[in-house]
Amino acid sequence: MYALVDCNNFYVSCERVFAPQLAGRPVVVLSNNDGCLISRSDEAKALGLKMGEPYHLVRPLLEQQQVRVFSSNYALYGDMSRRVVQVLSNFAAELEIYSIDEAFLDFSGMSLLAPDLPAYGIRVKKTVLKHTGIPTCVGIAPTKTLAKLANRLARRQATTGVLVLSTSEQWEPALAATPVADIWGVGRRYGRKLQEMGILTGAALAALPEHWLRRHLGGVVGQQLWHELHGQPCQGWNPAEWDEDDQLQPAASRRHSITCTRSFGRPQHEAAVLAEAIATFVARAAEKMRRQGLSAHLITVILGTDRYAPTAGPTTHTGVVSLPVSTNDTAALTQAALHGLHRLRRPGTAYHRAGVLLSGLEPAAQAQLGLFAAPAADQPRRQQLMATMDKLNARFGRQLVGLAAAGVAKDANGQPKAPAWAGRSAYCSPRYTTGWHELWRVG
DNA sequence: TCTGGGGTCCTAGGACCC
DNA sequence: TCTGGGGTCCTAGGACCC
């Protein structure tokens, strides 16, 4: 059996932990660049506010209804997520971190619990709430897909927030009551297609032959879905592992890419500004890569023009630079990325977004050596430099030290100032749990 | 003026290799 | 009259998830 533990309205719940006066009031959290609504309290949902809605379109309604608005604060949400996972790790031998606000627990080998699964689920929920202040819902079933379904239905049970679907007698009615587009793995496109074919519920989907799903729902992916809906586990399992800092992380070897992309506050066309932005993104992605003990031999530079312009043609342009030897050295990666940027950029074009993608990842300790390129003599010192940089930035705040290529945006008094390409973030809460100067004040 | 970011898997065509 | 099969790399896009 698997349990899916899903945090309710996660980003809003994180903000409310440190602003308890917002309980019962409508609250929303915006995406980066204050672009869209990406988390809504129940009260905000009741006002008809939709997920992903552009902020500038609903701003008048938000003001009129006195909805509390937050810019996204990933330093806070990431840390709260870590705390939730830490608590969950006490309730199962293995867990999988599925996203920032969800984790699967593997209950196999705990069959003695079977009669008490609902009670166990309630204990999980209560403990997470007590230790972190974050409300959750728990769905328990023999496959991940059915656990997802159980979780969805658990949210409606305001009483307990826990639902167990252990037998087909239990999950079949649940499938029958669920619109097909709400089944995990059926998105908007497939959902519409299935509805047009008269397949309206999860039960109708499960009743089709296995080969039909393989044919119409993305091949192997659809076939797996069929098995999952029939109680036969088919989804992979990517267990979390303890890292050197005693934190649970998704198993590093399974990660295939690391990206850092941002929309700009306003369009940018200057080569120098784009270069500083790209160098900043490389620094962040490389730091993340080092934290996971990986190195990359491919770096992709991404430039995006206006996605919403009424012109045809692609708005995302990418250029791949391959490195002779895989590395996680920020300087080497920056050099490669700036080379890629130079090739990719079209002078005079205004870009709205940019980013980098690191791929061809492998454990840094086992990185393939170059056939012709001897390891640089200063390599050990460079690695030490990166490790020191990471430590300083971790302790004293992001980007305390970095490459000059990433820009040194300071005002006349030497105080840090946002770079030209920075996005909007007008309503950001403090980093209550990760910044010494931003700790929560009580009383 | 204004529309996110980070992932996964799969497919396909063109250019190139032998 | 007639033109293979097995690859890689790059770019782009479609589907899904949160």
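Start by selecting D34, which sits in the loop between β2 (27-30) and β3 (37-40). Keep in mind throughout that you are looking at a predicted model. Check the backbone torsions here: D34 has a positive phi of about 50 degrees, although this residue is not a glycine. Most residues other than glycine have a negative phi. Is D34 buried or exposed? With a relative accessibility of 8%, D34 counts as buried, because the cut-off for that label is under 20%.

**Next stop: N9**

Go back along the chain to N9, in the loop between β1 (2-7) and α1 (10-17). Here too the phi value is positive in a residue other than glycine, this time near 40 degrees. N9 has 16% relative accessibility, so N9 also falls in the buried class.

**Into the core**

Now select F10, L88, L105 and F107 together. These are the residues with the most contacts inside the largest nonpolar core, a set of 39 residues. Which helix gives the most to this core? Colour α4 (residues 74-88) to see the answer: this helix supplies seven of the core residues. As a general point, nonpolar side chains in soluble globular proteins tend to be buried together.

Stay with L105 and display what surrounds it. Setting aside residues up to four places away in sequence, L105 touches M1, Y2, A3 and V5, then L88, F91, A92, E94 and L95, and also W237.

**Over to the DNA**

Show DNA strand B and the protein residues around it; there are 20 of them, and the closest are S257, T259, T261, S263 and K288. Of the strand B atoms that come within 4 Å of the protein, 80% belong to sugar and phosphate. Colour the surrounding residues by class and you will find six nonpolar, nine polar and five charged. The element that gives the most to this surface is strand β11 (residues 257-268), with seven residues.

Three distances are worth drawing here:

- From S257, take a polar side-chain atom to a phosphate oxygen of DNA strand B: 2.7 Å.
- From T261, use a polar backbone atom; a phosphate oxygen of DNA strand B is 2.6 Å away.
- From S263, a polar backbone atom again, with a phosphate oxygen of DNA strand B at 2.5 Å.

**Along helix α12**

Select α12, residues 271-291, and check its length. At 1.5 Å a residue, its 21 residues should span 30 Å, and the C-alpha atoms at its ends are indeed 30 Å apart, so the two values agree. Just after α12 comes G293, with a positive phi of about 70 degrees.

**Two buried loop residues**

Move on to T315, in the loop between β12 (294-304) and β13. Its relative accessible area is 18%, so T315 is buried. Leaving aside neighbours within four places in sequence, the contacts of T315 are L303, G304, T305, D306, R307 and R353.

Finish at N328, placed in the loop between β13 (316-327) and α13 (330-344). N328 is counted as buried because its relative accessibility is 16%. Which residues does N328 touch, not counting those up to four places away in sequence? Display A286, M289, R290, L294, S295, L333 and A364 to see them. For a last distance, pick the C-alpha atoms of N328 and Y432: they are 30 Å apart in space, and the two residues are 104 apart in sequence.

Conventions:
Residues are numbered from 1 along each chain as its sequence is written. Chains are lettered from A and ligands numbered from 1 in the order in which they are written. Side-chain values use heavy atoms; hydrogens and water are left out. A residue is near a molecule or strand if one of its heavy atoms lies within 4 Å of it. A polar contact is a pair of N or O atoms within 3.5 Å; within protein, one must be able to donate a hydrogen and the other to accept it, and residues adjacent in sequence count only if both atoms are side-chain atoms. Helices (H or I, at least four residues) and strands (E, at least two) are DSSP runs, numbered from the N terminus. Ala, Val, Leu, Ile, Met, Phe, Trp, Tyr, Cys and Pro count as nonpolar, Asp, Glu, Lys and Arg as charged, and the others, Gly among them, as polar. Buried means under 20% relative accessible area, exposed over 50%, partly exposed in between (1.4 Å probe, protein chains only). Contact means heavy atoms within 4.5 Å. The expected span of a helix is 1.5 Å times one less than its number of residues. A nonpolar core is a set of buried Ala, Val, Leu, Ile, Met, Phe, Trp, Tyr and Cys residues joined through side-chain atoms within 4.5 Å.
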